[in-house]
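Colleague: I'd like to learn how to read a model like this one, feature by feature. Could you walk me through it?

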Amino acid sequence: MFANRIAELRGYPCMVVSENGTELTSNAILTWQQDRKVEWHDIAPSKPMQNGFVESFNGRLRDESLNGHLFSSLRHARHLIAAWRDDYNHHRPRTSLDGLTPQEFLNRSEKDQTTNRTNF
């Protein structure tokens, strides 16, 4: 499973937040979550404000990329959004990462990477 491969690199999350859509109600994902003691938090229907992380990201994408461009083609849109995503994912400092960029956070020492993990 893809989530297991990611966890080998970064550890399992303490919690997964979902909007309880049909894609996340399968027995396989629920078993995966229970077996690994990953807490699951469902957002109430029609309450997107309960997932501020996604809403914040969507707002940034809309304000910084989508609203600022008139895309001439699907290829043009993909190119500009890919460039924005690369900048967002690799080059912007994050307050949630103590002012580090995601790349700097990833390159921390092994000891620093495991300091905040509660499950292994």
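Modeller: Let's go through confidence, helices, strands, rings and charges in turn. This is a predicted model, where local features need pLDDT of at least 70 and side-chain atom pairs count only at pLDDT 80 or more, while totals for chains, interfaces and linings use all residues. Residues are numbered from 1 along each chain as its sequence is written, and side-chain values use heavy atoms, with hydrogens and water left out.

Colleague: What average pLDDT does the protein chain have, and which element has the lowest mean?

Modeller: pLDDT is the predictor's confidence in each residue, from 0 to 100. Here the protein chain averages 80, and 82% of the residues score at least 70. Helix α6 (residues 110-114) has the lowest mean among the elements, 60, and α4 has the highest, 92. Where pLDDT is low, the predicted coordinates should not be read in detail.

Colleague: Next, helices. How far apart are the end C-alpha atoms of α3?

Modeller: Helices are DSSP runs of H or I with at least four residues, strands are runs of E with at least two, and both are numbered from the N terminus. The expected span of a helix is 1.5 Å times one less than its number of residues. For α3, with 15 residues, that gives 21 Å, and the end C-alpha atoms are 20 Å apart, which agrees.

Colleague: Which residues of α3 are buried, and what do they pack against?

Modeller: Buried means under 20% relative accessible area, exposed means over 50%, and partly exposed is in between (1.4 Å probe, protein chains only). In α3, G59, L61 and S65 are buried. The buried residues of this helix pack against α4.

Colleague: And the strands? What should I look for in β1?

Modeller: In a regular strand the side chains alternate between the two faces of the sheet. Strand β1 (residues 15-18) has V16 and S18 on a covered face, with M15 and V17 on an uncovered one. Two strands pair if DSSP finds at least two bridges between them. β1 and β2 (residues 39-42) run parallel and are joined by four bridges, with V17 standing opposite H41 in β2.

Colleague: How many aromatic pairs are there?

Modeller: Rings of Phe, Tyr and Trp (its six-membered ring) pair if their centres lie within 6.5 Å; planes under 30 degrees apart count as stacked, over 60 as edge-to-face and the rest as tilted. By that rule there are four aromatic pairs. One of them is F57 with W84: the centres are 5.7 Å apart and the planes stand at 55°, so the pair is tilted. F57 sits in helix α3 and W84 in helix α4, 27 residues apart, so to speak of distant parts of the chain being linked is fair. W84 is buried at 9% relative accessible area, whereas F57 is partly exposed at 29%. F57 also forms an edge-to-face pair with Y88, at 5.2 Å centre to centre and 70° between the planes. Ring pairs link F57, W84 and Y88 into a cluster.

Colleague: Is Y88 buried or exposed, and what does Y88 touch?

Modeller: Contact means heavy atoms within 4.5 Å. Y88 lies in helix α4 and is buried, with a relative accessible area of 14%. Not counting residues up to four places away in sequence, Y88 touches F57, R60, R94 and P102.

Colleague: Last one, charges. How many salt bridges does a search of the whole structure find?

Modeller: A salt bridge is a side-chain nitrogen of Lys or Arg within 4 Å of a carboxyl oxygen of Asp or Glu. The search finds two. E64 bridges to R92 with the closest N and O atoms 2.5 Å apart. That pair links distant parts of the chain, with E64 in helix α3 and R92 in the loop between α4 and α5, 28 residues apart. D87 forms a salt bridge with R92 too, at 3.0 Å between the closest N and O atoms. The shared partner joins E64, D87 and R92 into one network.

Colleague: How accessible are E64, D87 and R92?

Modeller: E64 is partly exposed at 34%, D87 is partly exposed at 30%, and R92 is partly exposed at 21%.
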